[in-house]
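I am opening a notebook on a structure that is new to me, and I mean to write down each thing as I look it up. Charged pairs come first, then strands, then the core.

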Amino acid sequence: MGTGHFFWVIFYFASLCSASLANNAKINFREKEKKVLDQILGAGKYDARIRPSGLNGTENLPTYVYVNMFLRSISKIDDYKMEYSVQLTFREQWTDERLKFDDIQGRLKYLTLTEANRVWMPDLFFSNEKEGHFHNIIMPNVYIRIFPNGSVLYSIRISLTLACPMNLKLYPLDRQICSLRMASYGWTTNDLVFLWKEGDPVQVVKNLHLPRFTLEKFLTDYCNSKTNTGEYSCLKVDLLFKREFSYYLIQIYIPCCMLVIVSWVSFWLDQGAVPARVSLGVTTLLTMATQTSGINASLPPVSYTKAIDVWTGVCLTFVFGALLEFALVNYASRSDMHKENMKKKRRDLEQASIDAASDLLDTDSNATFAMKPLVRHPGDPLALEKLRQCEVHMQAPKRPNCCKTWLSKFPTRSKRIDVISRITFPLVFALFNLVYWSTYLFRDEEDETF
């Protein structure tokens with residue numbers, strides 16, 4: 001056997017021995033980890049029902065639990081039910097002196113458990129929770145880490161549906177503050193105190209996308225509550241959501257403006273086109289009413305007036321006013337026709353009386369008539385009165401009225417109503433838009449800040 005071959009044989013057996021020693025070391029290390037768990041959590045050595053001691057093992061001080069969380073997603077914000085759904089990784093950290101162990105010269109960084117009932121747990125609950133569930137696919141998304149100094153880290157992934165009371169007075173130009181509240185259920189502040197972890201207690205996923213809202217900012221705070229049974233520690237996170245207005249501009253505001261403008265087409269149609277003007281007015285009115293009912297169906301029946309109610313109410317009033325304008329035009333048109341018929345009858349009667357008098361003069365040729373002078377004398381009182389009236393008119397000429405001059409081009413009252421409506425309706429609607437948008441877009445932000 002050659003020297004080289006002998007060397008490789010020795011190297012192979014050395015590798016096998018080192019691998020065997022490494023496996024034995026791993027087995028020994030796992031056995032030590034098991035022994036540590038048995039030492040600190042063995043039967044008769046640890047009672048999970050007893051609260052850990054306070055700071056530095058002081059019995060009369062409360063246990064401090066530091067909380068932080070990671071917001072993974074916000075799936076929906078429901079205006080009708082006034083709630084929102086969130087998925088988060090929730091973490092708690094506290095110190096339990098009974099769980100200290102030897103870290104084997106730094107080799108054992110921490111112990112990991114998946115059963116929360118093995119150690120004492122804070123009795124935290126979400127006070128504004130409606131529904132919630134844990135995640136168990138593929139394995140339960142929960143772990144407990146026990147560090148050598150007795151520090152315990154509890155982490156769990158949960159999904160919650162939380163109540164979010166909303167003020168919809170400015171809807172859909174509003175901002176909403178939704179809170180996430182966590183409190184102790186049974187332990188008072190004498191025994192248990194929740195604190196936000198220093199640094200960055202709340203983290204939000206970077207690619208958070210909401211369909212109709214934008215998360216502008218969030219703020220952590222404390223909300224301790226006092227009851228008949230004592231004072232309980234409480235933490236809260238306030239999330240400020242801004243509603244995306246572009247969706248409502250396209251789906252509500254622009255269609256309502258178009259319906260109002262379409263209703264004004266009636267002013268340009270002929271007065272005699274009764275079926276066309278009635279159909280146009282009724283169709284736009286029904287469409288506007290359907291649009292309003294569809295908007296209100298997606299909102300809760302609140303007792304106050306919302307910004308969208310003001311908009312739809314005024315738009316509905318304009319459409320209804322256009323329909324009433326045609327009724328007024330139709331009435332004025334019939335009145336004009338009646339007056340025209342009366343004038344025609346009066347002219348016919350006058351013409352008939354003149355013809356009868358002419359016939360009578362032609363037949364009575366023997367009658368004599370006293371001829372009145374064609375030119376009056378200067379002292380004639382009737383001539384003096386006419387001269388005085390002419391002087392008054394010449395001395396004080398009337399200033400022409402532009403509006404009356406312009407309206408005089410339209411002989412009938414019905415036509416004048418249509419012409420006035422063509423100008424009045426757009427001007428009033430433009431004025432309403434100026435007031436509406438200046439009121440709601442440049443409003444004070446007192447109610448929108450924390």
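**Salt bridges**

My search of the whole structure, which is a predicted model, turned up 13 salt bridges. Side chains of opposite charge can pair when their charged atoms come close.

I looked first at E83, which forms a salt bridge with K130, and I noted that the closest N and O atoms are 3.2 Å apart. This pair links distant parts of the chain, since E83 sits in strand β2 (residues 83-95) and K130 in strand β5 (residues 129-134), 47 residues apart. I then checked how accessible the two partners are: E83 counts as buried because its relative accessibility is 8%, whereas K130, with a relative accessible area of 43%, is partly exposed.

Next I looked up D309 and K306, whose side chains meet in a salt bridge at 3.0 Å from N to O. Here D309 counts as partly exposed at 21% relative accessibility, while K306 counts as buried at 5%. The cut-off matters for this pair, because buried means under 20% relative accessible area.

The side chains of K236 and D238 also meet in a salt bridge, at 3.6 Å from N to O, and in this pair K236 and D238 are both buried. I also found D79, D174 and R243 linked in a network of salt bridges.

**Strands β1 and β2**

Strands of a sheet pair through backbone hydrogen bonds, either parallel or antiparallel. Which strands does β1 pair with in the parallel sense? I found that β1 (residues 63-78) runs parallel to strand β9 (residues 192-196), with five bridges between them, and that T63 stands opposite L192 in β9. Strand β10 (residues 202-204) also runs parallel to β1, joined by three bridges, and here the bridge partner of M69 is V202.

With β2 the pairing of β1 is antiparallel, over 11 bridges. I picked out two of the facing residues: D78 has E83 as its bridge partner in β2, and I77 stands opposite Y84. The hairpin of β1 and β2 has four residues between the strands, and in it M82 takes a positive phi near 55°.

I then followed β2 to its pairing with strand β7 (residues 151-163), which runs antiparallel to β2 and is joined to it by 13 bridges. In β7, the bridge partner of W94 is V152. Is β2 mostly enclosed or open to the outside? Since 10 of its 13 residues are buried, β2 is largely enclosed by the rest of the structure.

**A sheet of four strands**

I traced an open sheet of four strands in the order β4-β8-β14-β11, with antiparallel pairing. Its edge strands are β4 (124-126) and β11 (213-222), each of which pairs on one side only. From one strand to the next, the twist averages 20°.

At the β11 end, I counted nine bridges in the antiparallel pairing of β11 with strand β14 (residues 234-243). F213 has R243 as its bridge partner in β14, and I recognise R243 from the salt-bridge network with D79 and D174.

At the other edge I chose L124, which lies in strand β4. L124 is buried, with a relative accessible area of 18%. Leaving aside neighbours within four places in sequence, I find L124 in contact with F90, E92, M182, A183 and F194. One of these, M182, is 58 residues away from L124 along the chain, yet their C-alpha atoms are separated by 6.5 Å.

**The nonpolar core**

Which residues touch the most other members of the largest nonpolar core? That core has 77 residues, and the ones I was looking for are Y84, F90, L180 and M182. Helix α4 (residues 307-363) gives the most to this core, with seven residues. Domain 1 (36-243) and domain 2 (245-336 + 411-449) both give residues to the core, so it lies between them.

I ended with M182 and its contacts beyond four places in sequence, among them V67 and M69, F90, L124 to F126 by way of F125, and W196. The contacts of M182 also include S233, C234, L235 and V237.

Technical notes: Residues numbered from 1 in each chain as written. Predicted model: local features only at pLDDT ≥ 70, side-chain atom pairs only at ≥ 80, totals over all residues. Heavy atoms only, no water. Pairing = 2+ DSSP bridges. Axes fitted to C-alpha atoms, helices over the stretch in contact; angles between N-to-C directions. Buried < 20%, exposed > 50% of the residue type's maximum accessible area, 1.4 Å probe, protein only. Contact = heavy atoms within 4.5 Å. Salt bridge = Lys/Arg side-chain N within 4 Å of Asp/Glu carboxyl O. Core = buried A, V, L, I, M, F, W, Y, C linked by side-chain atoms within 4.5 Å. Domains from an automatic or database assignment.
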